[in-house]
Structure formats: structure tokens, C-alpha cells
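This report describes one protein chain from its model. Please look at the sequence and structure below before reading on.

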Amino acid sequence: MTGPKLLDGIRVLDLSRVLAGPWCGQLLADYGADVIKVERPGAGDDTRGWGPPWWGDPATKTSAYYLSANRGKRSIAIDIATPEGAALVRQLATEADVVLENYKVGQLAKYGLDYASLKALNPRLIYASVTGYGQTGPYAPAAGYDFAIQATGGLMSVTGEKDGVPGSQPQKVGVAVADLFTGVYTTTAVLAAIIERGRTGVGRHIDAALLDTQVAMLANQASNHLIGGLRPKRMGNAHLNVVPYQVLATQDGHIVLAVGNDGQFARFCQLAGHPEVARDERFATNAGRIGHRDLLMPQVAEWMLTRSTAEWTALLEPNAVPCAPILELPEVFEHPQVQHRGMKISHHGIPSVPTPMRFDNERPVAELPPPGLDEHGEAIRAALAAGLYWPPKPA
């Protein structure tokens with residue numbers, strides 16, 4: 001069940017909370033790293049209380065949110081604001097390979113837990129700082145939350161129904177993508193630093209900012225602006241650079257039609273019973289379809305109303321015209337491909353979504369379940385008191 005342990009022997013000290021940092025820690029745990037999560041005594045990670053829904057009995061219940069980002073870790077409750085607590089963290093950091101933290105810029109220096117202090121104890125340490133706005137610049141001291149970063153970073157300006165549609169306004173994405181992408185980018189940076197350390201013997205300080213990540217995630221939208229001077233606007237479910245590429249109504253619901261090239265468009269028109277439209281010079285190329293979007297798409301919208309979503313899917317998919325029904329979450333996990341790929345697992349009895357990566361057809365999954373608050377604290381403290389700088393994994 002656990003699959004390959006690619007990072008076996010790598011020790012990660014996770015001081016982070018909520019989502020971006022913990023997401024990175026969970027990925028590293030899935031890949032085989034030994035991750036110790038340091039939490040506040042009494043309350044723990046903020047997301048422990050972000051329910052309902054809950055998992056477990058009333059006395060030990062944990063939020064589904066917390067469970068989504070903390071698989072594979074050991075938990076110890078430490079008050080880092082006390083000299084004794086800070087000393088325990090330094091002891092762990094002395095033998096750690098990686099430290100993850102998402103405190104405000106400069107806050108950990110008060111306790112001697114900043115990169116400079118810990119690097120002096122462990123020059124091989126890879127120290128990843130995750131913040132909203134980065135370690136430098138006029139906004140560095142500010143707290144950064146995913147919702148605000150989606151706004152400031154431009155994502156909400158290109159997400160939502162276009163102006164003029166009743167009720168239109170900028171929209172955030174339905175999951176915290178700035179947090180999640182920052183967690184993934186931070187993971188890649190940590191892995192790159194581990195490879196470099198194998199050559200140099202020296203660690204790195206990784207500065208991971210949600211805003212930087214969000215701006216990078218603008219991808220083609222940013223390129224459209226920087227290269228073409230465009231000011232992208234909200235277009236609902238339509239695509240700025242490809243037509244037809246949007247959600248369309250059918251007889252009984254909606255479907256995504258994602259025609260990516262001229263050959264696909266010709267096949268789509270043939271299957272829809274309107275081959276002459278693909279031969280029209282206004283629509284024969286993608287550039288032409290973009291220029292005549294307002295003329296073409298009302299026609300396509302009328303065609304789509306002649307069949308159900310299932311009928312269109314059965315017609316288009318076998319003929320290599322990209323399309324998809326819009327599934328809600330129960331149906332997502334019932335989809336035959338999702339089931340075949342094993343994207344729903346029972347991890348220590350907890351329904352979970354595993355890492356999407358496979359290695360030689362094996363999917364790595366961390367050995368331990370998401371921990372209870374201070375679940376491993378007694379054992380870790382006893383090992384540290386006995387002179388071990390990094391306590392062994394539980395048998």
C-alpha cells in the first residue's frame with residue numbers, strides 16, 4: 001500500500017500550519033520522508049478546528065480539512081515561545097534535512113529558530129519559508145491568505161462571468177489554488193536543493209511566496225499581456241485563445257467542449273451535421289474563429305441543445321473531439337478512470353485522496369495516518385531527553 005519510499009532517510013521538521021506548508025510536508029511524507037509536525041499545545045494546527053465535517057469520535061474528532069494535508073506526519077506539541085520549547089526545536093533541526101515554516105517574516109528570529117540561527121547548527125539544512133508576499137519587499141510583513149492572493153495576483157480578474165452578465169463579478173477558484181500550488185512549487189524547490197546538497201554538502205534558504213506563485217500561475221494570460229499588450233478580462237467559461245472552448249448547455253444539462261485545433265473543429269462540425277461551417281473561411285482556422293467568436297458561438301450553442309450531455313459525449317469522444325460532462329464530487333469518485341487509477345483510498349480507515357504521481361506503476365503513500373495533536377510527543381521528547389537529535393520512526 002505504501003509504495004516506493006524515494007525519500008527514505010530524509011528528515012523533515014514541519015513548523016507550518018494551514019495549507020501551503022503542510023501540503024508540501026505531506027507530499028514529502030508520501031515520497032518517504034520522515035516528517036515531524038510541531039504544533040501549538042492545546043490547539044494545534046488551525047485547521048484542526050475547521051469543521052464540520054469531522055472524523056473520529058467526539059473526544060478526538062479532527063476536521064476533514066486537516067486530514068487532507070497532514071498524512072504521514074508525527075505530531076509533537078511544543079510552545080516555541082518558551083526557551084525550553086525553542087531548544088527542543090533546535091535539537092530536532094540539528095539533524096533535520098529540511099525545515100518548513102510559514103511564520104511572519106522575522107518572527108522566528110526572536111526564538112533563535114530562523115534560517116541563520118539553524119544554519120549555524122546545521123549547514124546542510126534546507127530551510128523553506130512560506131509566506132504570502134515573500135521575505136523581501138514592501139508587503140513582506142503582511143499576512144497573506146489564499147483568497148487575498150487570488151485577488152492581488154490577478155487570478156480573480158480573469159475568473160468569473162464576463163461583464164454585462166447579470167450577477168457577474170470576479171470569482172475565486174473553488175479550492176485554495178495559491179496555497180496548493182505554492183505547496184507543490186515548494187516541494188520541487190526542496191527536492192532540487194536536496195540534489196544540489198548532494199554535490200555541495202550545503203543547504204539552502206528557500207523563499208516561497210504565495211503572490212509570486214500566483215503571478216507565475218497566470219501562465220498564458222500573463223504572456224498574452226506581456227507579449228500582446230492585452231488586458232485579459234473575465235470570459236466565464238470561454239477561452240481567450242481557443243474557440244470553441246467553453247461550457248455549453250445541452251438538452252439536459254451542460255458539457256465542456258474543448259476543440260483544440262482545426263482538425264477537431266472540422267470533425268465536430270461533421271458530427272453535429274453542419275460540415276459547411278468548418279469550410280467557411282471565417283471559421284476554418286482558430287484565429288478566424290477567435291475573430292468571429294460572436295458569430296460562431298450562438299450557432300454552436302443551438303446545435304448543442306439538440307442532444308443530451310450523454311449523447312454528445314458518446315458521439316464526440318470516440319471521434320477524438322475533446323469534451324466532458326461536468327461531474328459533481330460523488331460522480332468524480334465513481335468515474336471509471338478515477339476508480340481505475342486508484343484516486344480514492346482508505347488510509348488507516350480514513351477515506352483519502354493519494355498523491356497523483358506514480359513511479360514504475362506504484363503510487364507512494366505515507367505510512368502514518370494524519371496524527372492526533374501531540375500523538376507522538378511523549379515518545380519524541382523521551383528520545384530527545386536521551387540524547388537523540390532525531391527520534392527514530394515508530395515501529
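## Backbone details

Ala320 sits in the loop between α13 (309–316) and β11 (323–325); helices (H or I, at least four residues) and strands (E, at least two) are DSSP runs, numbered from the N terminus. Ala320 is not a glycine, yet it has a positive phi of about 60°. Its relative accessible area is 44%, so Ala320 is partly exposed. In these terms, buried means under 20% relative accessible area, exposed over 50%, and partly exposed in between (1.4 Å probe, protein chains only).

The model is predicted: local features need pLDDT of at least 70, side-chain atom pairs count only at pLDDT 80 or more, and totals for chains, interfaces and linings use all residues. Residues are numbered from 1 along each chain as its sequence is written, and side-chain values use heavy atoms, with hydrogens and water left out.

Asn361 also has a positive phi, about 65°, although it is not a glycine. Asn361 lies in the loop between β13 and α16 (377–385), and at 62% relative accessibility it counts as exposed.

Two peptide bonds that lead into prolines are cis. Pro52 and Pro53 are joined by one, with omega about 5°, and Pro53 is in the loop between β2 (34–39) and β3. The other runs from Val243 to Pro244, with omega near -5°; Pro244 belongs to the loop between α8 (219–228) and β9 (245–249).

## The chain as a whole

The chain has 395 residues, and 43% of them count as buried. Its secondary structure comes to 16 helices and 13 strands. Along the principal axes, the C-alpha trace spans about 80 × 45 × 45 Å. Of the contacts with a separation of 6 or more, 68% are between residues 24 or more positions apart, where contact means heavy atoms within 4.5 Å.

## Helix α1 and strand β7

How many of the 11 residues of α1 are buried? The count is 10, so α1 is largely enclosed by the rest of the structure. Among the buried residues of α1 are Cys24, Gln26, Leu27, Leu28 and Asp30. Just after this helix, Gly32 takes a positive phi of about 110°.

Strand β7 is mostly covered, with 6 of its 6 residues buried. In a regular strand, side chains alternate between the two faces of the sheet. On one side of β7 are Ile126, Ala128 and Val130, on the other Tyr127, Ser129 and Thr131, and all are buried.

Strands count as paired if DSSP finds at least two bridges between them. β7 runs parallel to β6 (residues 98–101), joined by 4 bridges, with Val98 opposite Ile126. β7 also runs parallel to β8 (residues 205–209), joined by 5 bridges; here Tyr127 has His205 as its bridge partner.

Helix α4 (residues 115–121) completes a right-handed β-α-β unit with β6 and β7. A crossover is right-handed if, with the strands pointing away from the viewer, the path from the first strand over the helix to the second runs clockwise.

## Two pockets

The pockets were found on a 1 Å grid over the protein atoms alone, using a 1.4 Å probe; a pocket is an open set of points with protein on both sides within 12 Å along at least five of seven lines, and lining residues have an atom within 4 Å of a point. Grid points are joined across faces, edges and corners, and a volume is the space filled by probe spheres set on the points.

The largest pocket has a volume of about 1300 Å³. It is lined by 37 residues, and Trp23, Gln26, Ser68, Leu180 and Val353 are the closest to its centre. Elements that each supply at least two lining residues include α1 (20–30), α2 (64–67) and β13 (350–352). The largest share, 6 residues, comes from α6.

The second largest pocket holds about 680 Å³ of space. Of its 30 lining residues, Arg17, Val18, Asn102, Gly144 and Tyr145 lie nearest the centre. β7 (126–131) and α5 (146–152) each give at least two residues to this lining, and α5 has the largest share, 3 residues.

The table gives the linings by class. Ala, Val, Leu, Ile, Met, Phe, Trp, Tyr, Cys and Pro count as nonpolar, Asp, Glu, Lys and Arg as charged, and the others, Gly among them, as polar.

| Pocket | Nonpolar | Polar | Charged |
|---|---|---|---|
| Largest pocket | 27 residues | 7 residues | 3 residues |
| Second largest pocket | 17 residues | 7 residues | 6 residues |
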